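Colleague: I would like to go through this model with you, from its overall build down to single residues. Please put it up first.

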Amino acid sequence: MKAVTWQGKRDVRVESVPDPKIQEPTDAVIRITSSGLCGSDLHLYEVLTPFMTPGDILGHEPMGIVEEVGAGVPDLKAGDRVVVPFQIACGSCWMCENSLPTQCETTQVTGEGMGAALFGYTRLYGSVPGAQAEYLRVPQAQFGPIKVPEGPPDDRFVYLSDVLPTAWQAVAYADVPEGGSVAVLGLGPIGDMACRVAQLRGAGTVFGVDLVTERLRRARQRGVEVFDLRDFDGEKELVTAIRDRTAGRGPDAVIDAVGTEAHGSAAARLAQNAAALLPRKLSGPFAERFSVDRLAALYTAIDLVRRGGTISLSGVYGGMADPLPLLTLFDKQIQLRMGQANVRRWVDEILPHLTDEDVLGVEDFATHRVPLDEAPHAYEMFQRKQDGAVKVLMKP
Ligand SMILES: NC(=O)c1ccc[n+]([C@@H]2O[C@H](COP(=O)([O-])OP(=O)(O)OC[C@H]3O[C@@H](n4cnc5c(N)ncnc54)[C@H](O)[C@@H]3O)[C@@H](O)[C@H]2O)c1
Ligand SMILES: [Zn+2]
Ligand SMILES: [Zn+2]
């Protein structure tokens with residue numbers, strides 16, 4: 001089959017690889033019909049290079065049709081239409097029973113000290129072959145795949161794999177009071193969807209911050225009060241402008257949907273690039289001990305949120321030596337919640353909103369739909385934010 005493989009920093013290629021097969025009774029194999037490109041893939045494309053191995057198959061946002069199931073997957077059969085969550089979880093361990101499938105004790109990558117295995121996401125998360133491919137082996141298929149009805153287009157459901165539960169969890173963790181205010185930093189797919197979910201779940205005012213014109217426009221069109229980072233002379237000015245809209249206090253909650261590659265962190269950018277350039281044998285251990293994130297968005301969140309408010313991080317961070325202003329965090333009495341989205345925990349709440357009315361606007365959420373062969377171009381376009389790219393779906 002054809003698959004999108006990682007070959008090196010900013011180097012992905014479509015290659016022929018062996019078709020996946022059932023290996024365990026709890027496996028399924030699906031034929032992929034849509035597969036998303038995510039901001040998380042961009043981290044692999046460039047800064048998480050030390051944790052990648054050439055040939056790794058990328059991708060973690062798939063849906064498709066079940067081809068084959070193992071004997072231990074009673075509820076799925078060939079021909080079923082399914083969306084596959086980005087994390088692999090068993091559904092029956094203590095963590096899964098407590099709605100934390102990202103921490104599944106059956107699939108935890110204990111050798112690396114990490115949580116549940118993820119599709120297509122470095123050796124830290126189990127080196128599981130990813131979903132930007134024609135076929136995917138789905139381990140723990142007795143729990144993961146979400147059956148969806150025939151009829152509506154893939155775009156109606158595909159974001160259940162990641163974007164929707166991630167945005168939903170970001171808003172749930174932000175704990176916005178009914179009618180209260182929330183600022184969303186970053187208006188990529190996750191931040192954009194988090195704004196929509198915040199509106200749906202009763203936030204009174206939603207502020208959005210980014211520095212890409214069409215991303216700001218998309219959010220503004222849906223009633224978000226947007227702030228263009230480029231209009232401000234530094235983070236302080238931005239914070240003051242948003243505070244002015246909240247009686248001088250700052251919003252009740254701030255969602256960081258930017259993560260480790262934030263614009264405006266020059267020193268950390270140099271450190272990330274240096275780590276990515278080290279020879280492979282050195283760069284892994286170096287990154288594990290000394291890595292730092294580009295923290296501009298998180299610093300903004302800490303400054304911006306009102307005293308006693310909540311910061312919800314959905315942007316991915318990976319540093320082990322990040323300097324944080326604990327004095328401010330402590331003194332402002334900030335609550336901080338974060339983590340990979342626990343996909344299955346939120347699916348039953350989200351599904352009733354995926355109707356013909358399309359309140360979340362999922363059916364025209366994608367800006368680009370491309371064949372698998374165009375993946376190298378799609379990665380480059382999405383990273384550089386060219387051609388209005390916000391969400392790219394690959395159609396194998
Ligand atoms: N927690 C999870 O389960 C989960 C799931 C999916 C994605 N993510 C993470 O969420 C983050 C966003 O993902 P995405 O797909 O939307 O990616 P993206 O890269 O398209 O979005 C990031 C956006 O942040 C903007 N930005 C950069 N610096 C900024 C700053 N200082 N202030 C405000 N905005 C800034 C960029 O212009 C961009 O639009 C990534 O870190 C991704 O890894 C987490
Ligand atoms: Zn994703
Ligand atoms: Zn489990």
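**Domains, ligand shell and core**

Modeller: The chain is assigned two parts, domain 1 (2-162 + 342-394) and domain 2 (164-338); such bounds come from an automatic or database domain assignment. This is a predicted model, where local features need pLDDT of at least 70, side-chain atom pairs count only at pLDDT 80 or more, and totals for chains, interfaces and linings use all residues. Residues are numbered from 1 along each chain as its sequence is written, while chains are lettered from A and ligands numbered from 1 in the order in which they are written.

Colleague: Which helix gives the largest share of the side of domain 1 that touches domain 2?

Modeller: The C-alpha centres of domain 1 and domain 2 lie 24 Å apart. Their contact (C-beta atoms, placed from the backbone, within 7 Å) takes 28 residues from domain 1 and 26 residues from domain 2. On the domain 1 side, α1 and α12 (343-350) each supply at least two residues; helices here are DSSP runs of H or I, at least four residues, and strands are runs of E, at least two, numbered from the N terminus. The largest share, 5 residues, comes from α12.

Colleague: What radius of gyration does the chain have?

Modeller: The radius is taken over C-alpha atoms, and the globule rule is 2.2 Å times the number of residues to the power 0.38. With 396 residues, a compact globule would come near 21 Å, and the chain agrees with that, at 20 Å.

Colleague: What percentage of the residues of the chain count as buried?

Modeller: There are 13 helices and 15 strands in the chain. A residue is buried if 20 or more other C-beta atoms, placed from the backbone, lie within 10 Å of its own, exposed if 12 or fewer, and partly exposed in between. Of the 396 residues, the buried portion is 52%.

Colleague: Where does ligand 1 lie with respect to domain 1 and domain 2?

Modeller: 33 residues surround ligand 1, the closest being Gly-39, Gly-186, Gly-188, Gly-259 and His-263; a residue is near if its C-beta atom, placed from the backbone, lies within 6 Å. Elements giving two or more residues to this shell are α1 (39-45), α5 (189-200), β9 (205-210) and α10 (296-304). α1 gives the most, with 4 residues. Both domains give residues to the shell, so ligand 1 lies between them.

Colleague: Which helix gives the most to the largest nonpolar core?

Modeller: A nonpolar core is a set of buried Ala, Val, Leu, Ile, Met, Phe, Trp, Tyr and Cys residues joined through C-beta atoms within 7 Å. The largest has 122 residues, and Ile-30, Ala-167, Val-182 and Ile-255 are among those with the most contacts inside it. Its main contributor, with 8 residues, is helix α4 (residues 163-174).

Colleague: Why does this core lie between the domains?

Modeller: Residues come to this core from both sides. The core therefore lies between its two contributors, domain 1 and domain 2.

Colleague: Is Leu-136 buried or exposed?

Modeller: Leu-136 lies in strand β6 (residues 135-138). Beyond its neighbours within four places in sequence, Leu-136 is in contact with Pro-20, Ile-30, Ile-32, Pro-62, Val-84 and Ala-131. Because Leu-136 has 29 C-beta neighbours inside 10 Å, it counts as buried.

Colleague: How many Å apart in space are Leu-136 and Cys-195?

Modeller: In sequence, Leu-136 and Cys-195 are 59 residues apart. In space, C-alpha to C-alpha, the separation is 31 Å.

Notes. Contact = placed C-beta atoms within 7 Å.
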